[in-house]
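Work through the exercises below with the structure open beside you. Try each task before you read its solution.

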Amino acid sequence: MAFTEAALFAQIDAASTTKTIEITYFQPGATITSVYAIGVTTPYAGRSRWVDLTSSNTAAQAATQLQNALTS
């Protein structure tokens, strides 16, 4: 089952600080979900990019994919 924006956000901000990574665009698709993410705190601070996430992933897997994209 595909993940939702809320589930993805809950995974990247488990402490509910809204200060880790901001998702400004979320476009779900059948195989790819595109997001525009802006890093707010270290190690993501100052980084922003479009990231294509695999839609069939769980929210935890998508969060890891997003975090890896912002640190690479």
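**Exercise 1: Two helices**

The crossing of α1 and α2 is right-handed. A crossing counts as left-handed if the near helix is turned anticlockwise from the far one by less than a right angle, and as right-handed if clockwise. Helices (H or I, at least four residues) and strands (E, at least two) are DSSP runs, numbered from the N terminus.

The model is predicted: local features need pLDDT of at least 70, side-chain atom pairs count only at pLDDT 80 or more, and totals for chains, interfaces and linings use all residues. Residues are numbered from 1 along each chain as its sequence is written, and side-chain values use heavy atoms, with hydrogens and water left out.

Task: describe how α1 and α2 pack, and list the residues that meet.

Solution.
- Step 1. Two packed helices are described by the angle between their axes and the distance between the axes.
- Step 2. Here the angle is about 60 degrees, and the axes are 8 Å apart. Axes are lines fitted to C-alpha atoms, for helices over the stretch in contact; angles run from 0 to 180 degrees between N-to-C directions.
- Step 3. From α1 come A7, L8, Q11 and I12. They meet A59, A60, A62, A63, L66 and Q67 of α2. Contact means heavy atoms within 4.5 Å.

**Exercise 2: The sheet**

Task: give the strand order and find the edge strands.

Solution.
- Step 1. The order is β1-β2-β3, in an open sheet with antiparallel pairing. Two strands pair if DSSP finds at least two bridges between them.
- Step 2. β1 (21-27) and β3 (48-54) are the edge strands, since each pairs on one side only.
- Step 3. Count the bridges. β1 and β2 share six, and seven join β2 to β3.
- Step 4. Follow one residue across. V35 in β2 is the bridge partner of F26. V35 also has a bridge partner in β3, V51.
- Step 5. Add the helices. α1 (residues 5-12) packs on the sheet and touches β1, β2 and β3. α2 (residues 59-71) lies across β1, β2 and β3, at about 145 degrees to β3.

**Exercise 3: One residue**

Task: which residues does S34 contact, beyond its neighbours within four places in sequence?

Solution.
- Step 1. Place S34: it lies in β2 (residues 32-39).
- Step 2. Its contacts are Y25, F26, Q27, V51 and D52.
- Step 3. Look at D52. Its side chain makes a polar contact with the side chain of S34 (2.7 Å). A polar contact is a pair of N or O atoms within 3.5 Å; within protein, one must be able to donate a hydrogen and the other to accept it, and residues adjacent in sequence count only if both atoms are side-chain atoms.
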